[in-house]
Amino acid sequence: MSSILVIGTVAFDSIKTQQKEVNEVLGGSATFFAMAARQFTDIQLVAIVGQDFPKQYLTMFEESEIDLKGLVISSGRTFRWKGEYEDNMNVRHTLETQLNVLEEFKADVPAEYRKTKYVFLANINPHLQMKVLDQLESPELVCCDTMNLWIENARPDLEEVLQRVNFFIISEEEAHLLTKEQNIIRGARQILKMGKFSLIIKRGGYGAILFTQRGEVFAIPAFPLENVVDPTGAGDSFAGGFMGYLAAQERMDLETVQRAMVYGNIVASYAVEGFSIEALAALTREDIRERMRQFVRMTHLSPV
Ligand code: AMP
């Protein structure tokens with residue numbers, strides 16, 4: 001079992017859905033990833049928060065076996081993000097992004113983490129993703145996520161990072177933004193040309209599709225849910241389940257990658273059943289096993 005180093009945001013999120021609104025709850029790409037991946041392995045968190053970040057959250061991370069040696073507590077204000085979902089929860093609008101302490105973040109990797117083999121570059125400024133890669137000795141599996149803000153404002157840096165990753169995991173919207181291509185297959189083909197990575201496109205409530213450089217395609221549906229409370233963090237939780245499983249198996253063959261996608265899917269399905277990390281904090285391995293069994297029953301077809 002390998003540990004995973006994650007760099008990303010730890011945030012205060014304010015979220016509006018058609019049912020409910022919450023203000024300044026715990027969020028951030030690294031938060032969701034860590035709370036999901038901790039089900040499978042140990043997590044090393046590289047991130048920054050401000051003085052306003054409550055101690056109770058630090059205690060919660062520590063109790064969840066998330067190592068905080070790489071978490072900087074600075075004198076400024078924590079990163080903040082505000083988003084709103086339409087009736088169709090697959091459609092989200094960013095209302096506000098306050099970078100705050102992120103603007104002074106140096107992304108220093110503690111010496112103890114430099115040999116870590118599994119790395120997740122969660123959604124954050126690509127120049128910081130690159131800084132982390134530069135400090136690691138010889139990472140074996142690097143997965144990377146991004147978001148509209150960075151595609152629009154830091155594209156050259158993002159394209160440089162993509163030269164050094166094994167998996168690029170993005171939402172369908174981000175794939176459109178990168179390529180201006182509406183067809184997912186044609187878009188994926190263009191994105192694959194940006195590096196040597198395999199690509200996973202997340203399709204919100206519709207599942208996820210893997211595209212490899214060898215032309216393999218593997219698609220899974222999302223776990224069907226009756227009550228989606230808040231989709232925020234679904235993508236990061238998917239990545240957490242996906243990478244967590246790969247790090248626990250220490251294998252990267254196609255079948256293991258396919259299974260890892262299903263684990264990512266299942267963990268994300270729990271994440272969206274609550275606001276913030278409510279559902280992920282309560283999640284157990286037995287819950288994951290149970291939904292995994294249901295998923296297999298729903299999608300299995302005997303060979304013809
Ligand atoms: P997801 O729903 O998986 O796309 O992730 C949403 C999380 O990403 C929220 O908790 C936000 O705090 C965080 N976030 C939003 N915008 C950014 C950004 N530009 N950079 C890094 N993290 C962000």
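The exercises below, each with a worked solution, concern a predicted model.

**Exercise 1. Sheet order**

Task: State the strand order of the open sheet of nine strands and find which strands are at its edges.

Solution.
- Step 1. The order is β5-β4-β1-β8-β9-β10-β11-β12-β13, and the pairing is mixed.
- Step 2. β5 (66-73) and β13 (217-220) are the edge strands, since each pairs on one side only.
- Step 3. From one strand to the next, the twist averages 15 degrees.
- Step 4. Within the order, β1 (residues 4-7) and β4 (residues 43-49) run parallel and are joined by four bridges. I7 has V46 of β4 as its bridge partner.

**Exercise 2. Strand β10 and its neighbours**

Task: Determine whether the residues of strand β10 are buried or exposed, and which strands β10 is joined to.

Solution.
- Step 1. Strand β10 spans residues 167-171, and five of its five residues are buried.
- Step 2. In a regular strand, side chains alternate between the two faces of the sheet.
- Step 3. F167, I169 and S171 lie on one side of β10, with F168 and I170 on the other. Both faces are covered, as these residues are all buried. The cut-off for buried is under 20% relative accessible area.
- Step 4. Strand β9 (residues 141-144) runs parallel to β10 and is joined to it by two bridges. The bridge partner of C143 in β10 is F167.
- Step 5. Strand β11 (residues 198-202) also runs parallel to β10, with five bridges between the two. Here F168 has L199 as its bridge partner.

**Exercise 3. Cysteines in β9**

Task: Explain why C143 forms no disulfide with C144, the closest cysteine.

Solution.
- Step 1. The structure holds zero disulfides.
- Step 2. A disulfide requires two cysteine sulfur atoms within 2.5 Å.
- Step 3. The sulfur of C143 is 8.8 Å from that of C144, so the pair is too far apart for a bond. Taken from C144, the nearest cysteine sulfur is that of C143, and C144 is in no disulfide.
- Step 4. As for exposure, C143 is buried with a relative accessible area of 0%, and C144 is likewise buried at 0%.

**Exercise 4. The four-strand sheet**

Task: Give the order of the open sheet formed by four strands and say which of them stand at the edges.

Solution.
- Step 1. The order is β3-β2-β6-β7, with mixed pairing.
- Step 2. β3 (21-27) and β7 (92-98) stand at the edges; each has a single partner strand, so one side of each lacks a neighbour in the sheet.
- Step 3. On average, neighbouring strands of this sheet are turned by 20 degrees against each other, direction ignored.
- Step 4. Strand β6 (residues 79-85) and β7 run antiparallel and are joined by six bridges. Y85 stands opposite R92 in β7.

**Exercise 5. The cavity**

Task: Count the cavities of 30 Å³ or more and describe the lining of the largest cavity.

Solution.
- Step 1. The count comes to one cavity of 30 Å³ or more. The largest cavity has a volume of about 30 Å³.
- Step 2. Its lining consists of E172, A175, H176, T179, E181, N183, I184, G187 and A188.
- Step 3. The elements giving two or more residues to this lining are α6 (172-179) and α7 (184-192). The largest share, four residues, comes from α6.
- Step 4. By class, the lining of the largest cavity has three nonpolar, four polar and two charged residues.

Key
Residues are numbered from 1 along each chain as its sequence is written. This is a predicted model: local features need pLDDT of at least 70, side-chain atom pairs count only at pLDDT 80 or more; totals for chains, interfaces and linings use all residues. Side-chain values use heavy atoms; hydrogens and water are left out. Buried means under 20% relative accessible area, exposed over 50%, partly exposed in between (1.4 Å probe, protein chains only). Two strands pair if DSSP finds at least two bridges between them. On a 1 Å grid over the protein atoms alone, a cavity is a set of points where a 1.4 Å probe fits but cannot get out, and a pocket is an open set with protein on both sides within 12 Å along at least five of seven lines; lining residues have an atom within 4 Å of a point. Grid points are joined across faces, edges and corners, and a volume is the space filled by probe spheres set on the points. Ala, Val, Leu, Ile, Met, Phe, Trp, Tyr, Cys and Pro count as nonpolar, Asp, Glu, Lys and Arg as charged, and the others, Gly among them, as polar. Axes are lines fitted to C-alpha atoms, for helices over the stretch in contact, and angles run from 0 to 180 degrees between N-to-C directions.
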